[in-house]
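Take a look at the model below. The walk-through starts with its pocket and moves on to its surface.

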Amino acid sequence: MKMLGERVHPNTGRLMGYVACEVRSGTAYVADAEELADLVWAAPDQLTDYILYGFAPIVQDYLTVTLQ
């Protein structure tokens, strides 16, 4: 796991922590339905289908470098 950073979300005022993880085993699931409605595996070219308003800048920077 790599901690990318954190910020106060501009719309919700909540402190958000952003991490990059490597899937090793197991099954992904929504652990807190109050925080997250659903979960999908998406190809890089599908990300904007799910993240309509863009990523936090620290996440976008990581994805730009990692998904080249």
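Residue classes come first: Ala, Val, Leu, Ile, Met, Phe, Trp, Tyr, Cys and Pro count as nonpolar, Asp, Glu, Lys and Arg as charged, and the others, Gly among them, as polar. By that scheme, the lining of the largest pocket holds 27 nonpolar, 6 polar and 5 charged residues. Keep in mind that this is a predicted model.

Now the pocket itself. The largest pocket encloses about 2000 Å³ of space. Its lining counts 38 residues. Nearest the centre lie Tyr-18, Val-19, Ile-51, Phe-55 and Val-59.

Which elements each supply at least two residues of this lining? They are strand S1 (2–8), strand S2 (15–20), helix H1 (47–50) and helix H2 (57–66). S2 gives the largest share, 5 residues.

Next, helix H2. Gln-60 lies in this helix. Is Gln-60 buried or exposed? Neither: Gln-60 is partly exposed, because its relative accessible area is 34%, and partly exposed covers what falls between under 20% for buried and over 50% for exposed. Gln-60 and Tyr-18 are 42 residues apart along the chain. Their C-alpha atoms are separated by 11 Å.

Finally, the surface. Met-1, Met-3 and Val-19 make a nonpolar surface patch of about 360 Å². Val-19 is also among the residues nearest the centre of the largest pocket. Met-1 sits in the segment before S1. Met-1 has a relative accessible area of 81%, so this residue is exposed; the cut-off for exposed is over 50%.

Note on methods. Residues numbered from 1 in each chain as written. Predicted model: local features only at pLDDT ≥ 70, side-chain atom pairs only at ≥ 80, totals over all residues. Heavy atoms only, no water. 1 Å grid on protein atoms, 1.4 Å probe; cavity = no way out; pocket = protein on both sides within 12 Å on 5 of 7 lines; lining within 4 Å. Points joined across faces, edges and corners; volume = space filled by probe spheres on them. Helix = DSSP H or I, 4+ residues; strand = E, 2+ residues; numbered from the N terminus. Patch = residues over 30% accessible without salt bridge, like charges linked within 9 Å, V, L, I, M, F, W, Y side chains within 5 Å. Areas by Shrake-Rupley, 256 points an atom, 1.4 Å probe, with all protein chains shown as cover. Salt bridge = Lys/Arg side-chain N within 4 Å of Asp/Glu carboxyl O. Buried < 20%, exposed > 50% of the residue type's maximum accessible area, 1.4 Å probe, protein only.
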